[in-house]
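Subject: Structure for your review

Dear colleague,

Please find below the structure that I am handing over to you. My findings follow it.

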Amino acid sequence: MDETTEQATAPQAVRIQLVPNDRPWTWLEAGWRDLMATPHIGFFYGGAVVVAGWSLVMLLLAAGATWAVLPAVAGFFLVGPVVAAGLYETSRRREAGEATSLGIAFGAFRRNAPQLALMGAVLLVINLFWVRMAGLIFAIFFGMGFAPTLEHLPAAMLRSDQLLPFLIIGTGVGFVLASIAFAVSAVSIPMIVDRDISAFEAIVISIRATLDNWRAMAFWAGLIVVFTAMALVPFFLGLALVLPLIGHATWHAYRDIVR
């Protein structure tokens, strides 16, 4: 057995298990097995996110908000953990030896629905705050009149002296908000799907689990960022695979850490 040190935390006799720093590889392996066992569920969710990503980008371009494409896409994935509730349910049922189907996966949204909705609202607030902050930072460094087309945006920004400070400040703010969102949702949403627990209790446990296992969770967050960034390159198509893989793996992270 790996490290067996456990710490009492939060209500309902929940314990946080300390895991090795390289444990995310084990979660990904288990997530891959779940995906291969139920590909129709995983790829349905992944395909739906690809279509949603395309729709979001087209909507922003039609509105002339070219600057908002990158922060909106980044913020879109802050609410991803709620969307993946059906994937958590699928992994939960496979672990319990129960039948799985696409309809059953959607049933995850009916179990503890008010608390799932509250978690979605929390992540949505963080998402909207990030988009607003991105717009403010962009306006501060480039001005309100800076609105080149999407194909000319990279070249126009590269010619600007404000690019480096914009990237430093924007990346710093994005990192802080992404870290908060990750800590809040790392294990809270799988826990809400699995247990009769309030969103507040789940958030507290999720933050505690992230802090107690900060090295492993930082590695896990880094892997999510890298995989997601790679998936975005081919017009979001890679998300059809990456989203369900990370969703299933997140369930195993929850089961590994929260006892």
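**Helix α5 against helix α13**

In this predicted model, helix α5 contributes L87, Y88, T90, S91, R92 and E95 to a contact with helix α13, where the partners are L243, P244, G247, H248, T250, W251, H252 and R255. By class, this contact of α5 with α13 comprises five nonpolar, six polar and three charged residues. The two axes come within 8 Å of each other and cross at roughly 55 degrees, which makes α5 oblique to α13. The crossing of α5 past α13 is right-handed.

**Helix α1 against helix α13**

Helix α13, which spans residues 239–257, also packs with helix α1, residues 24–37; their axes come within 7 Å and cross at roughly 120 degrees. That angle makes α1 oblique to α13. The handedness of the crossing between α1 and α13 is right-handed. On the α1 side the contact is formed by W27, L28, A30, G31, W32, D34 and L35, and on the α13 side by L241, P244, L245, H248, A249, H252, A253, D256 and I257. Sorted by class, the contact of α1 with α13 holds 11 nonpolar, three polar and two charged residues.

P244, H248 and H252 of α13 deserve a note: they are among the residues that meet α5, and they are also among those that meet α1.

**Salt bridges**

A search over the whole structure returns 12 salt bridges. Three of them are described here.

In one, the side chains of R94 and D34 meet at 2.3 Å, N to O. R94 belongs to helix α5 (residues 85–95) and D34 to helix α1, so this pair ties together parts that are 60 residues apart in sequence. Are the two partners buried or exposed? R94 counts as partly exposed because its relative accessible area is 36%, which falls between the limits of 20% and 50%. D34 counts as buried because its relative accessible area is 4%, and the limit for that class is under 20%. D34 is also one of the α1 residues in contact with α13.

A salt bridge within α5 joins the side chains of R92 and E89 at 2.9 Å, N to O. Both residues lie in that helix, three residues apart, or about one turn. R92 and E89 are both buried. R92 is, in addition, one of the α5 residues that meet α13.

The third pair is E98 with R93, whose closest N and O atoms are 3.3 Å apart. E98 is partly exposed, with a relative accessible area of 35%, whereas R93 is buried, at 17%. Which residues are joined into one network by salt bridges that share partners? They are E89, R92, R93, E98 and R111.

**The protein as a whole**

The protein contains 13 helices and two strands. Of its 259 residues, 48% count as buried. Among contacts between residues at least 6 apart in sequence, 73% join residues at least 24 apart. The salt bridge of R94 with D34, whose helices are α5 and α1, likewise links parts that are 60 residues apart in sequence.

Yours sincerely

Methods. Residues numbered from 1 in each chain as written. Predicted model: local features only at pLDDT ≥ 70, side-chain atom pairs only at ≥ 80, totals over all residues. Heavy atoms only, no water. Axes fitted to C-alpha atoms, helices over the stretch in contact; angles between N-to-C directions. Helix = DSSP H or I, 4+ residues; strand = E, 2+ residues; numbered from the N terminus. Parallel < 35°, antiparallel > 145°, perpendicular 65-115°, else oblique. Left-handed = near helix turned anticlockwise from the far one by under 90°. Contact = heavy atoms within 4.5 Å. Nonpolar A, V, L, I, M, F, W, Y, C, P; charged D, E, K, R; others polar. Salt bridge = Lys/Arg side-chain N within 4 Å of Asp/Glu carboxyl O. Buried < 20%, exposed > 50% of the residue type's maximum accessible area, 1.4 Å probe, protein only.
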